[in-house]
Amino acid sequence: MKAMTHMPISFPGLFGDWKINPDPIAIDVGSGIYWYGIILAVAMLAGLLLSMKQAKHYGLEEDHIMDLVLWGVPTCIIGARLYYVLFYLDLYRADDGALQWNRMIAIWDGGLAIYGAVIAGALLAFFYARSKKIPFGALTDAAVLGLLLGQAIGRWANFINREAFGAQTDLPWRMEIWLEGLGPTGVHPTFLYESLWNIVGLLMLLFVISKGRRFDGENTCFYFIWYGLGRAWIEGLRTDSLYLFDLAIAGHPIRVSQALSIVVVVVALAVMFKCKKASAEDLWVNKVALAKAAAEAEAAAETEVEAPSVEEVIVEETVSQQTEAQPAEEAADGDQN
């Protein structure tokens, strides 16, 4: 099902006859500046600021996050697009079967898969962490905070584009959009489900999980468990899923995001189980704090050794005064003689 992008959107079960009709193009200049790109840019900036603010709690510097994002933005966009195009390759073929490369790069028309961005970002973070000699888990623990916030905001780009919606429904919170050949139709607002799911996950990370971390990577494991469970559920409602080529189970085609979600949940749970006896003392942030405290104590000790004591200062001043007084006394004795 494909939505008509210039027809109104409404939530009749919640807001009655109230409608909104956002134009996908925000500024009509040249080929147009799309809301899709603007919202994604805001999402990236918000995620960056949050991760930078939280960096110190993971033994990192703000520059670590900034450097990672400068490399990560183009890397993740490429990864997200490659992932989408790979599993929707037939959409980018001409009638003669030739690939339409110009359409493959047209990301402003939509078509970015978040799992592609996550995979590309994870690979980049791994190599960046190795180059900077910081734990991969500590880096990703800070990064997933910004990632969840960015995903929560970024899903509203799908709302503007009338995409990533679910199957037909008559639930009170249904979203009514105009579908080609069907007219106004109530569907699951899956973009909203995922946005709210990510916000709840972010709040849990900030105020619960991160407060009791025992190992670097625990935030990351929670992210994959939480997001994976939510995505597996929400993906089952969507009408635009990417499918794992022609593979099927019991006659049902395999949705790529559902299959990948199950895999990452299982892997994250296994890591959590393996690290259940980990100690918070081994966290990178605690090691950095300990090293800093040791360095400060050593510097203070050196300062104490170099600095003269009060008694030494008094003795030096007394000797100096006596030395200065001797010539005067000798001069006085000479006058008397």
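A residue counts as buried when its relative accessible area is under 20%. The tour below applies that term throughout to a predicted model.

**The whole chain**

Display the full chain first. The 337 residues include 38% that are buried, and the secondary structure consists of 11 helices and eight strands. Among contacts with a separation of 6 or more, 68% join residues 24 or more positions apart. The accessible surface is about 19500 Å², and carbon and sulfur atoms account for 65% of that area.

**Stop 1: a nonpolar patch**

Select L14, F15, W18, I20 and W173, which together make a nonpolar surface patch of about 530 Å². L14 belongs to helix α1, residues 12-15. Because its relative accessibility is 49%, L14 counts as partly exposed.

**Stop 2: the hairpin of β5 and β6**

Next select residues 175-179, strand β5, together with residues 183-187, strand β6. The two strands pair in the antiparallel sense over five bridges. I177 has T185 of β6 as its bridge partner. Three residues lie between the strands of this hairpin, where G181 takes a positive phi near 85 degrees.

Which side chains of β5 are buried? M175, I177 and L179 point to one face and are buried, whereas E176 and W178 point to the other face and are not.

**Stop 3: helix α7 and its cover**

Move to helix α7, residues 190-209, and colour its buried positions: T190, F191, Y193, E194, S195, N198, G201, L202, L205, L206 and I209. To see what covers these residues, add the elements α2 (35-54), α6 (136-161), β5 (175-179) and α8 (218-235), which are included in that cover.

**Stop 4: aromatic rings around α8**

The structure holds 16 aromatic pairs. In one of them, F222 and W226, the ring centres are 6.0 Å apart and the planes meet at 15 degrees, so the pair is stacked. Both residues lie in helix α8, and because they are four residues apart, about one helical turn separates them. F222 is buried, with a relative accessible area of 12%, and W226 also counts as buried, at 17% relative accessibility.

The neighbouring numbers in the sequence give another geometry: the rings of Y223 and F224 have centres 5.1 Å apart and planes at 70 degrees, so this pair is edge-to-face. Y223 is buried at a relative accessible area of 1%.

Now select Y193, W197, F222, W226 and W233 together; ring pairs link these residues into a cluster. Y193 is also one of the buried residues of α7.

**Stop 5: salt bridges**

Seven salt bridges are found in the whole structure. Begin with R213 and D216, whose closest N and O atoms are 3.3 Å apart. Is R213 buried or exposed? With a relative accessible area of 7%, R213 is buried, because that value falls under the 20% limit.

Continue to R238, which forms salt bridges with two partners shown here. The closest N and O atoms are 3.9 Å apart for E235 and R238, and both of these residues are buried; the relative accessible area of R238 is 11%. For D240 and R238 the corresponding distance is 2.9 Å, and D240 is partly exposed, with a relative accessible area of 23%. Finally, add R231 to the selection: salt bridges that share partners join R231, E235, R238 and D240 into one network.

Note on methods: Residues are numbered from 1 along each chain as its sequence is written. This is a predicted model: local features need pLDDT of at least 70, side-chain atom pairs count only at pLDDT 80 or more; totals for chains, interfaces and linings use all residues. Side-chain values use heavy atoms; hydrogens and water are left out. Patches are made of residues with over 30% relative accessible area and no salt bridge: like charges are joined within 9 Å, nonpolar side chains (Val, Leu, Ile, Met, Phe, Trp, Tyr) within 5 Å. Accessible areas come from the Shrake-Rupley method with a 1.4 Å probe; for residues, only the protein chains shown count as cover. A salt bridge is a side-chain nitrogen of Lys or Arg within 4 Å of a carboxyl oxygen of Asp or Glu. Buried means under 20% relative accessible area, exposed over 50%, partly exposed in between (1.4 Å probe, protein chains only). Contact means heavy atoms within 4.5 Å. Two strands pair if DSSP finds at least two bridges between them. Rings of Phe, Tyr and Trp (its six-membered ring) pair if their centres lie within 6.5 Å; planes under 30 degrees apart count as stacked, over 60 as edge-to-face and the rest as tilted.
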